[in-house]
Amino acid sequence: MDHISGAPSPSGKDLVRFDNVGLRYDNSGEVLSDVSFALARGGFYFVAGPSGAGKTSLLKLLYLARRPSRGKITMFDADVGMLERRRLPGFRRRIGVVFQDFRLIPHLSAFDNVALPLRIAGLNEQDILGPVSEMLDWVKLGPRMHALPSSLSGGEQQRVAIARAVIARPLLLIADEPTGNVDPDMAVRLLQLFEGLNNSGTTVVVATHDLHLMNRIPGAHLMRVAKGRLADPTGALRYPPASRRASAGLA
Amino acid sequence: MSRAEQMPTPLLPAQGLRGPVPWMVAVMTMLAMLALAGALALTPAARSLSGQIVDRVSIQIPIADPLQRRMAVRQLRENLTDAPYVRDVRVLSESELRAMADQWLGDVGEDAALTLPAIIDVDLVSADGYDRLVRDVRQISADAEVVPHATYLGPVASLMRSLGWIAAAIALLTALVAGAIAVLSARSRLEGERDTIDILHLVGATDVQIARMFQRQVARDTIWGVTIGGGTGLLLTLLLFWQLRGVASGLAAGGSAWSMLLLLLIPPIILAIAVFSARRAVLTALGNML
């Protein structure tokens with residue numbers, strides 16, 4: 001098994017564990033095959049790979065939009081492949097997701113989109129107002145909190161999507177190309193947000209092509225997906241370039 | 001107004017009266033109310049008619065000679081009035097007979113050439129007295145003919161009863177169709193809002209939470225429908241009952257408090273059927289998603 005994290009223990013410390021996981025859609029061939037890895041609690045991971053390699057499918061398994069066709073996924077100490085359907089929402093509430101296409105609800109304002117996870121979790125409106133306003137201020141969207149997604153730019157929509165993903169302080173944050181539509185300054189700010197969450201214990205998984213992004217988190221781990229498999233079983237590309245440089249420097 | 005004072009935007013946008021559902025439900029509610037009103041009016045009317053005809057007979061005396069005819073009528077009336085099995089005897093007047101003939105033959109006026117049989121309506125104490133009546137009538141006038149009203153009005157009463165049941169069945173089916181409209185609408189919205197539902201699922205919404213949103217939406221649309229349809233149906237029904245009050249022979253039995261209560265139950269019943277059916281349909285459909 002390929003442990004992506006530095007030295008994860010087989011259980012307990014792992015937040016997520018994939019054992020020989022395969023995924024196929026309908027009757028087509030497998031889009032993911034024999035994927036095995038573990039994500040340690042509080043780890044920071046980048047997922048890289050060419051388009052069509054299976055990154056999005058891997059993320060779908062991580063944010064529980066799909067169940068594996070074979071193999072076993074252990075998440076939050078439960079076998080999610082065998083999990084009863086009625087228990088899935090409880091697991092999903094511990095996961096924050098930033099979609100590449102944002103997936104904002106078009107008729108809801110920026111405020112209502114960000115407030116969605118809190119409302120679903122049953123918080124009352126008084127308890128929602130403060131954190132959501134604060135979060136929107138933080139992503140510089142405070143003045144636009146009542147705007148509909150259609151009136152926001154791509155970058156603004158992405159910031160709303162990120163705010164929605166992190167508002168409930170998830171245990172696992174999954175982001176698919178989260179900085180693709182924002183300016184460099186905002187990208188840095190967002191990464192700082194992810195880092196801050198990571199420092200407070202959130203496990204972060206970011207799918208990206210952006211090497212600069214990877215270089216900004218020296219302790220992060222890299223998962224490389226190619227042709228539906230986790231490549232680099234030898235671990236040569238296990239760490240992002242900055243880490244490797246740092247390791248080389250130390251050596 | 002502060003943000004806290006605002007109501008959160010519904011996750012599923014309501015169409016209200018802009019959509020077709022309230023109007024379809026309105027039509028169904030109105031039809032259900034009218035059908036039930038028909039059933040409620042026809043059933044007691046049929047019962048009333050049955051009650052009126054079961055003990056009633058007509059004696060026809062087709063004697064051409066007016067003197068003999070009058071004599072036969074007088075003898076029959078005198079004998080039957082005192083008979084223990086007879087409750088009431090009434091001889092139809094000449095004008096009533098001519099009015100009846102007018103309906104079939106046109107204006108017969110004072111046409112002396114036209115001989116009309118005399119008719120005596122007899123109400124029996126009970127149907128058991130029929131055989132004795134026939135025997136006694138034959139003894140007085142061999143030409144007289146005893147005709148039970150049930151022989152020609154019975155099928156009418158039976159038809160009215162059947163129509164009453166059919167109307168009740170139509171009311172029930174129409175209410176169910178209103179429920180089916182709500183289900184189809186919910187399923188259609190479910191497909192249309194698939195992206196929103198996926199997002200709701202992924203942020204941890206349960207099926208019950210999502211179904212409740214659809215339930216509220218269906219309830220809003222249906223409340224509009226049953227209010228409009230129920231109001232219109234009630235007005236038409238009141239008009240119908242008001243007109244029935246003018247119908248002769250005591251057939252108009254509609255408009256009782258019980259009937260009105262049943263009619264007023266139609267809108268909430270349709271609302272309940274629609275909301276419950278939509279909830280079941282949505283939960284079933286959501287169960288097929290991950």
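This report describes a chain contact, a helix pair and a set of paired strands in a predicted model.

**Contact between the chains**

On the side of chain B, 16 residues are in contact with 23 residues of chain A. The most is given by helix H6 (residues 194–202) of chain B, which supplies 4 residues to the side that touches chain A. Sorted by class, that side of chain B has 10 nonpolar, 5 polar and 1 charged residues.

**A helix pair in chain A**

Helix H5 (residues 154–166) of chain A and helix H6 (residues 184–199) of chain A have axes that come within 12 Å and cross at roughly 5°. Because angles under 35 degrees count as roughly parallel, H5(A) is roughly parallel to H6(A). From H5(A), Gly155(A), Arg159(A), Ile162(A) and Val166(A) meet Met186(A), Leu190(A), Leu193(A) and Leu197(A) of H6(A). By class, this contact has 6 nonpolar, 1 polar and 1 charged residues.

**Strand E3 of chain B and its partners**

In a regular strand the side chains alternate between the two faces of the sheet. Strand E3 (residues 118–124) of chain B shows such alternation: Ala118(B), Ile120(B), Val122(B) and Leu124(B) point to one face and are buried, whereas Ile119(B), Asp121(B) and Asp123(B) point to the other and are not buried. The pairings of E3(B) are tabulated below.

| Strand paired with E3(B) | Sense | Bridges |
|---|---|---|
| E1(B), residues 56–61 | antiparallel | 6 bridges |
| E2(B), residues 86–91 | antiparallel | 5 bridges |

Residues from both faces of E3(B) appear in these pairings. Asp121(B), on the face that is not buried, is the bridge partner of Ser58(B). Leu124(B), which is buried, stands opposite Val86(B).

Conventions:
Residues are numbered from 1 along each chain as its sequence is written. Chains are lettered from A and ligands numbered from 1 in the order in which they are written. This is a predicted model: local features need pLDDT of at least 70, side-chain atom pairs count only at pLDDT 80 or more; totals for chains, interfaces and linings use all residues. Two residues are in contact if their C-beta atoms, placed from the backbone, lie within 7 Å. Helices (H or I, at least four residues) and strands (E, at least two) are DSSP runs, numbered from the N terminus. Ala, Val, Leu, Ile, Met, Phe, Trp, Tyr, Cys and Pro count as nonpolar, Asp, Glu, Lys and Arg as charged, and the others, Gly among them, as polar. Axes are lines fitted to C-alpha atoms, for helices over the stretch in contact, and angles run from 0 to 180 degrees between N-to-C directions. Angles under 35 degrees count as roughly parallel, over 145 as roughly antiparallel, 65 to 115 as roughly perpendicular and the rest as oblique. A residue is buried if 20 or more other C-beta atoms lie within 10 Å of its own, exposed if 12 or fewer, and partly exposed in between; C-beta atoms are placed from the backbone. Two strands pair if DSSP finds at least two bridges between them.
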